Amino acid sequence: MKNVIIIGAGPAGLTAAYQLLKKGKGEYKVTIIEADKQVGGISKTINYKGNRMDLGGHRFFTKEVEVKKIWKEILPLQITTINPDKKESVMLIRNRVSRIFYEDKFYDYPITINFKTIRNLGFFRTVFCGFSYLRYKIFPKVENNLEDFYINRFGKKLYSMFFCGYTEKVWGRKPKEISKDWGYQRVKGISISAVLKDYIKRIFKVEDKSKETSLIDKFYYPKYGPGQFYEEMSKKIKDMGGKIICNSTVIKINLNEKKINSLIYLKNNKEYTKKADIVISTMPIKDLLESFNKVDSHILNIASSLPYRDFITVGVLVPKLSIENTTKIKTLNNIIPDNWLYVQDNKVHLGRIQIFNNWSPYMVKNNEKTVWLGLEYFCNENDWLWSSSDEEIKNYACRELKKMKIIDQDVLDSCCIRVKKAYPAYFDSYKDIDKIKKYLNKIDNLYCIGRNGQHRYNNMDHSMLTAIKCADNILKNKKNKNNIWNVNVEKDYHEEEK
Ligand SMILES: Cc1cc2nc3c(=O)[nH]c(=O)nc-3n(C[C@H](O)[C@H](O)[C@H](O)COP(=O)(O)OP(=O)(O)OC[C@H]3O[C@@H](n4cnc5c(N)ncnc54)[C@H](O)[C@@H]3O)c2cc1C
């Protein structure tokens with residue numbers, strides 16, 4: 001049997017284990033080493049006194065057939081939106097509602113010029129936005145960075161109101177300093193014209209299979225959050241003979257020429273050595289290279305300065321919100337229908353607000369009498385916010401909610417969760433990422449998959465797809481790893497790169 005060691009029990013690590021055990025005809029002994037006490041990685045669900053929260057809200061949506069197949073194998077789909085029976089392990093179908101909260105008003109996301117926007121912005125500001133949009137439609141800028149990317153798609157005025165400050169909140173950098181790659185990777189075809197097309201199709205009820213990812217208005221969501229999905233997956237892995245060792249951090253990887261021989265992990269302050277025939281890594285590329293016993297110093301320098309953005313989420317339990325539901329969408333207790341709100345207002349530091357009642361009512365212990373919010377702050381490890389105490393952060397978050405007039409009374413309870421390296425960023429030494437890829441590809445028995453494992457802004461589906469491809473390569477003894485690195489690098493993205 002080949003000894004496969006997988007670093008990390010997030011979506012990618014678990015999927016690799018699941019596929020190898022399911023398809024490997026008993027030829028692989030699979031062990032996952034996970035630093036956290038629970039599985040799911042960034043896609044886990046926290047259970048705080050019976051109220052559940054994601055680290056950010058995690059929609060399950062994908063165009064990838066192989067990924068969807070696995071979703072259905074793990075959790076059966078519940079056709080009705082809310083589960084009327086007592087089945088615990090199901091995937092619900094949910095509606096996506098998410099709006100922008102700006103200057104105390106709601107705007108559609110992505111921002112578009114429609115009647116509501118005109119009413120909120122006022123006539124003159126709208127005309128100004130329209131002219132600015134046309135100006136860059138007719139004379140587009142050469143796209144050198146993310147600012148150019150946005151201006152060409154939305155015009156300068158809308159960009160300065162809705163994208164500039166918010167991007168800085170998310171990344172801690174001005175859009176001018178960020179590569180246009182990020183736009184192609186995440187925003188892809190979103191623009192005013194894409195949004196208008198979608199709007200017209202909706203009026204005439206035309207189904208569009210190629211719809212842009214950010215406009216998808218239904219998604220799957222496990223009854224008790226994404227963590228439930230990964231808990232179920234890990235049960236199946238264990239049933240097939242796989243081993244998951246939690247609370248254990250890989251700290252050293254022993255390389256001999258082009259092969260990893262063994263790795264060392266730390267559990268309860270004790271070091272353990274594991275021999276490996278194959279290593280699949282989902283740990284951040286920076287940490288991976290820093291843990292090698294020997295590495296080319298030039299490559300190590302690039303890896304050590306790869307940028308990340310960290311994340312803090314504050315769970316806040318309130319009896320009610322002070323903003324009203326003025327939409328036609330019906331909700332329990334008539335709370336606003338949004339799964340989440342984008343806070344593009346610069347008067348607060350807050351980036352997004354999740355309303356977990358609207359993700360799944362089963363996330364909230366008492367969904368008839370309480371609203372369970374997730375307040376999201378993008379930050380850097382060791383900046384002023386990260387260095388504050390949990391108590392200070394919780395108080396700060398509650399003050400911001402009051403400042404935005406979203407609540408007007410004291411909260412019932414709150415919790416604070418920090419997530420290191422939540423976002424792999426596309427600036428600084430990222431420009432040299434191909435050198436790292438080339439270096440890692442030379443290590444025959446190492447596969448780098450997932451989000452931080454590839455330093456790519458992958459969602460769960462693409463993180464899982466890298467794992468599916470990796471398992472396929474191992475099963476077919478295919479040596480070339482390009483198909484794994486090429487996941488989520490779309491054709492138009494390639495063309496822009498030339
Ligand atoms: C705020 C936010 C919202 C998101 N929303 C969505 C969404 O709506 N839909 C969606 O599809 N995706 C979403 N994502 C993306 C999703 O979280 C990731 O794509 C996914 O979790 C990546 O899976 P992964 O297995 O590659 O990595 P991770 O989830 O990061 O898992 C890696 C695992 O490796 C472990 N690890 C790291 N280093 C070591 C080590 N040295 N030793 C042992 N273990 C180690 C970590 O503890 C972790 O458990 C979101 C992400 C964020 C941050």
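Is asparagine 247 buried, exposed or partly exposed, and how many other C-beta atoms lie within 10 Å? Select asparagine 247 in this predicted model. The residue is partly exposed, because 14 other C-beta atoms lie within 10 Å, between the limits of 12 for exposed and 20 for buried. Its place is the loop between strand 9 (243-245) and strand 10. Now look at the backbone there: asparagine 247 is not a glycine, yet has a positive phi of about 55 degrees. Most residues other than glycine have a negative phi.

Next, select lysine 405. This residue, also not a glycine, has a positive phi of about 60 degrees. Lysine 405 sits in the loop between helix 13 (390-403) and strand 18. It counts as exposed, because it has 11 C-beta neighbours inside 10 Å, and exposed means 12 or fewer.

Move on to the ligand and show what surrounds it. The shell has 36 residues, and the closest are Gly8, Gly10, Gly41, Gly56 and Gly450. Colour the elements that give two or more residues to this shell: helix 1 (11-23), strand 10 (248-256), strand 18 (413-424) and helix 15 (460-475). Then colour by class to find 14 nonpolar, 16 polar and six charged residues around the ligand. Domain 1 (2-42 + 226-306 + 429-497) and domain 2 (44-58 + 75-98 + 307-424) each give at least three residues to the shell.

Finally, colour the protein chain by pLDDT. The mean is 90, and 90% of the residues reach 70 or more. Select residues 491-498, where the pLDDT is below 50; beyond near neighbours in sequence, this stretch has four contacts in the model. Where pLDDT is low, the predicted coordinates should not be read in detail.

Methods. Residues are numbered from 1 along each chain as its sequence is written. This is a predicted model: local features need pLDDT of at least 70, side-chain atom pairs count only at pLDDT 80 or more; totals for chains, interfaces and linings use all residues. A residue is near a molecule or strand if its C-beta atom, placed from the backbone, lies within 6 Å of it. Helices (H or I, at least four residues) and strands (E, at least two) are DSSP runs, numbered from the N terminus. Ala, Val, Leu, Ile, Met, Phe, Trp, Tyr, Cys and Pro count as nonpolar, Asp, Glu, Lys and Arg as charged, and the others, Gly among them, as polar. Domain bounds come from an automatic or database domain assignment. pLDDT is the predictor's confidence in each residue, from 0 to 100. Two residues are in contact if their C-beta atoms, placed from the backbone, lie within 7 Å.
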